[in-house]
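Visitor: Before we look at anything, I would like to learn how to read a structure feature by feature. Could you take me through one, giving the general idea and then the case at hand?

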Amino acid sequence: MQLYDMGDLAESRRDAEEGLTDRCVVTRGTGKPVYNPVTRKYESAGDTVYPTPEQVAGGNPGKCRMQSGRVQVTDAEAAGAVFTVERLELQLPFGTVFEQGDVVTYVEAPFNPALVGNTYRITGLGAKSQATLQRFTVEVLT
């Protein structure tokens, strides 16, 4: 007896994608960062892997969402200081293969404009067999 089929998963993915109200661009490569005077931040100059022109034409202008996980306070014994480490999770729709080291630049965040212009590096490639969104651990670059 099959409790879950591909049609259900596809519908769940469409539903989950509706919650992605932010926009971001993901680049790959070692291009030298370029200063954007509008955002006053450096942005990646690598090759764009997301969104592709086909995704944009299909109605996906780079949908994404940033989520914050648990905050941990860590005691750095060698430096004798206490600092905070926060786990950030980037959520993206299915359809693109991402790699560790890809750089994410936030382009639009209607519910948190402070994210616009921030850049992150994908550090963890999460995997689930029936996930509704792709979820990646990221670290803050700027």
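Guide: Let us begin with accessible area, which comes from the Shrake-Rupley method with a 1.4 Å probe. This is a predicted model, and the accessible surface of its protein chain comes to about 9000 Å², with 52% of that surface belonging to carbon and sulfur atoms.

Visitor: What share of the 142 residues in the protein chain is buried?

Guide: A residue counts as buried when its relative accessible area is under 20%. By that cut-off, buried residues make up 31% of the 142 residues in the chain.

Visitor: How many helices and strands does the chain have, and in what order do the elements run?

Guide: The secondary structure comes to two helices and nine strands, and from the N terminus on the elements follow the order α-β-β-β-β-α-β-β-β-β-β. As for the contacts between residues at least 6 apart in sequence, 56% of them join residues at least 24 apart.

Visitor: In which sense do E7 and E8 pair, and over how many bridges?

Guide: E7 and E8 pair in the antiparallel sense over three bridges, and E8 pairs with E9, also in the antiparallel sense, over five bridges. One residue lets you follow both pairings: arginine 121 in E8 is the bridge partner of valine 103, and arginine 121 also stands opposite glutamate 139 in E9.

Visitor: Which residues have the most contacts inside the largest nonpolar core?

Guide: A nonpolar core is built from buried residues of nonpolar type joined through side-chain atoms within 4.5 Å. Here the largest one has 18 residues, and those with the most contacts inside it are Met66, Leu90, Leu92, Phe98, Tyr106 and Tyr120. At least two residues of this core come from each of the strands E1 (22-28), E4 (47-50), E5 (63-76), E6 (81-92), E7 (103-108), E8 (119-125) and E9 (134-140), and E6 gives the most, with three residues.

Visitor: What is leucine 90 in contact with, once its neighbours within four places in sequence are left aside?

Guide: With those neighbours left aside, leucine 90 is in contact with Cys64, Arg65, Met66, Val104, Tyr106, Gln134, Arg135, Phe136 and Val138. The last of these partners, valine 138, lies in strand E9 and counts as buried because its relative accessibility is 5%. Not counting residues up to four places away in sequence, valine 138 touches Met66, Leu88, Leu90, Tyr120, Arg121, Ile122 and Thr123. Its C-alpha atom is also 9.6 Å from that of aspartate 102, although valine 138 and aspartate 102 are 36 residues apart in sequence.

Visitor: How many disulfides does a search of the whole structure find?

Guide: A disulfide is a covalent bond between the sulfur atoms of two cysteines. The search of the whole structure finds zero disulfides. Cysteine 24 is nevertheless buried, with a relative accessible area of 0%, and cysteine 64 likewise counts as buried at 0% relative accessibility.

Visitor: Which residues are joined by a cis peptide bond, and what is omega there?

Guide: Most peptide bonds are trans. In this model, however, a cis peptide bond joins tyrosine 50 and proline 51, with omega at about -5°. Proline 51 is found in the loop between E4 and helix H2 (53-57), and its relative accessibility is 13%, so proline 51 counts as buried. Beyond four places in sequence, proline 51 touches Cys24, Val25, Val56, Asn60, Pro61 and Gly62. The C-alpha atoms of proline 51 and proline 61 are separated by 6.3 Å, the two residues being ten apart along the chain.

Visitor: With which side chain does the side chain of asparagine 60 make a polar contact?

Guide: A polar contact is a pair of N or O atoms within 3.5 Å, one able to donate a hydrogen and the other to accept it. The side chain of asparagine 60 makes such a contact with the side chain of tyrosine 50, at 3.3 Å. Asparagine 60 sits in the loop between H2 and E5, and with 9% relative accessibility asparagine 60 counts as buried. Neighbours within four places aside, asparagine 60 is in contact with Tyr50, Pro51, Gln55 and Pro93.

Visitor: Is glutamine 55 buried or exposed?

Guide: Glutamine 55, which lies in helix H2, counts as buried at 15% relative accessibility. A polar contact of 2.8 Å joins the side chains of glutamine 55 and threonine 96.

Notes
Residues numbered from 1 in each chain as written. Predicted model: local features only at pLDDT ≥ 70, side-chain atom pairs only at ≥ 80, totals over all residues. Heavy atoms only, no water. Buried < 20%, exposed > 50% of the residue type's maximum accessible area, 1.4 Å probe, protein only. Helix = DSSP H or I, 4+ residues; strand = E, 2+ residues; numbered from the N terminus. Contact = heavy atoms within 4.5 Å. Disulfide = S-S within 2.5 Å. Pairing = 2+ DSSP bridges.
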